[in-house]
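This report describes selected local features of one protein model. Please keep the sequence and the coordinates open while reading.

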Amino acid sequence: TSAKKLGKELGLKVEVLGRKEIEALKMGAFLAVTQGAVTPPQFIVIRHQGGRATDAPVVLVGKGITFDTGGISLKPGEGMDEMKYDMCGAASVIGAMQAIINMGLKANVVAIIASAENMPSSTASKPGDVYTTMSGKTVEVLNTDAEGRLVLCDALTYAERFNPSTVVDVATLTGACIIALGHHTSAVLSNDDTFASSLMDAGKQAFDAAWQLPMGEEYQEQLESNFADLGNIGGRSAGTITAACFLSRFTESYTWAHLDIAGTA
């Protein structure tokens, strides 16, 4: 609703895809998260054409889990009321689009939002289930509460069609990020250190601090699965890093950075 309102007020092109369209795109990971909920999934694409037609766009991707129970891997009851904030990545991306319009930015920007509820039910995905992502890679869902990376991986694959100059995803992704950086600094992980540095510099100017965490190949081993191309969790060690490593498997064709805003949202 917010995206459509934004489009109407500011003359942006807004496209909202429902379950049938998402199924047609073969977004198996995104659909796995949504299958326990009555609330239908929404895949939202907002476009701002402020630059030349030939300019490659910046793509912003937001995690829009409107409520996260954890699914079958149910969260503890304490603090679960705060899981309505699991859509803050999506909200910040929509807010960024609003700011871009207000500034009259001479650039092409696309916002992609994968929105759903993560609910436990008789139809919900189960630990041990294997799903095929939009990219064709298979994922073993070892924990249904690691759902953000499942909706994001298909959104990141969808981003390829725009031939982006850069892609930034924003997500309340890991509790591990709060342990590492608390509530004052966001984590940045990227496949391009120069790009990561530019984001951190921008954060300093905006008083929105960010800190880069490493993402070496050695961390990828934690995502190995006996039954799929990769698992959706990598154990307790370096949880923020292994979550980004998971996403990196779907961003190999472009310059990408991931902002984990679990503590700062």
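The text below covers two helices, three buried residues, a pocket and some backbone angles.

The model is predicted: local features need pLDDT of at least 70, side-chain atom pairs count only at pLDDT 80 or more, and totals for chains, interfaces and linings use all residues. Residues are numbered from 1 along each chain as its sequence is written, and side-chain values use heavy atoms, with hydrogens and water left out.

**Helix α7**

Helices (H or I, at least four residues) and strands (E, at least two) are DSSP runs, numbered from the N terminus. Helix α7 spans residues 193-205, 13 residues in total, and reaches 19 Å from its first C-alpha to its last. That is close to the 18 Å expected at 1.5 Å a residue, where the expected span is 1.5 Å times one less than the number of residues.

Burial is given by relative accessible area: buried means under 20%, exposed over 50%, and partly exposed in between (1.4 Å probe, protein chains only). The buried residues in α7 are F195, A196, M200 and G203. Because they cover an arc of only 140° around the axis, they are on the same side of α7; the arc is that of the directions from the helix axis to the C-beta atoms. T194, K204 and Q205 are exposed on the other side of α7.

Contact means heavy atoms within 4.5 Å. The buried residues of α7 pack against four strands, β7 (166-171), β8 (186-190), β9 (210-212) and β11 (256-260). At the N-terminal end, D192 caps α7, with a side-chain oxygen 3.0 Å from the backbone nitrogen of T194.

**S190 and V167**

Two of these strands hold residues that touch α7. S190 lies in strand β8 and counts as buried because its relative accessibility is 8%. Its side chain takes part in two polar contacts. A polar contact is a pair of N or O atoms within 3.5 Å; within protein, one must be able to donate a hydrogen and the other to accept it, and residues adjacent in sequence count only if both atoms are side-chain atoms. A polar atom of the S190 side chain lies 3.0 Å from the backbone nitrogen of D192, and one lies 2.6 Å from the backbone oxygen of W256. Not counting residues up to four places away in sequence, S190 touches F195, A196, M215, W256 and A257.

V167 is in strand β7. With a relative accessibility of 0%, V167 counts as buried. Residues up to four places away in sequence aside, V167 touches V59, V61, L156, A159, F195, Y254, T255, W256 and A257. V167 and V110 are 57 residues apart in sequence and 9.4 Å apart in space, C-alpha to C-alpha.

**N232**

N232 is placed in the loop between β10 (230-231) and α8. N232 counts as buried because its relative accessibility is 0%. Leaving aside neighbours within four places in sequence, N232 is in contact with residues including V139, E140, V141, R149 and F246.

**Helix α1**

In helix α1 (residues 2-10), A3, L6 and G7 are buried. They cover an arc of only 100° around the axis, so they are on the same side of α1. S2, K4, K5, K8 and E9 are exposed on the other side of α1. The buried residues of α1 pack against β1 (13-17), β2 (42-49) and α4 (88-103).

**The largest pocket**

A pocket is found on a 1 Å grid over the protein atoms alone, as an open set of points where a 1.4 Å probe fits, with protein on both sides within 12 Å along at least five of seven lines; lining residues have an atom within 4 Å of a point. The largest pocket has a volume of about 950 Å³. Its lining has 35 residues, of which K75, L173, T174, G175 and A176 lie nearest the centre. β3 (58-68), α5 (148-158), α6 (175-181) and α8 (239-248) each supply at least two residues of this lining. α6 gives the most, with 4 residues.

**Positive phi values**

Most residues other than glycine have a negative phi. The table lists residues with a positive phi.

| Residue | Phi | Place |
|---|---|---|
| G11 | near 70° | follows α1 |
| N163 | about 45° | loop between α5 and β7 |
| F207 | near 55° | follows α7 |
| A238 | near 55° | loop between β10 and α8 |

N163 is exposed, with a relative accessible area of 59%, whereas A238 is partly exposed at 29%.

Key
Grid points are joined across faces, edges and corners, and a volume is the space filled by probe spheres set on the points.
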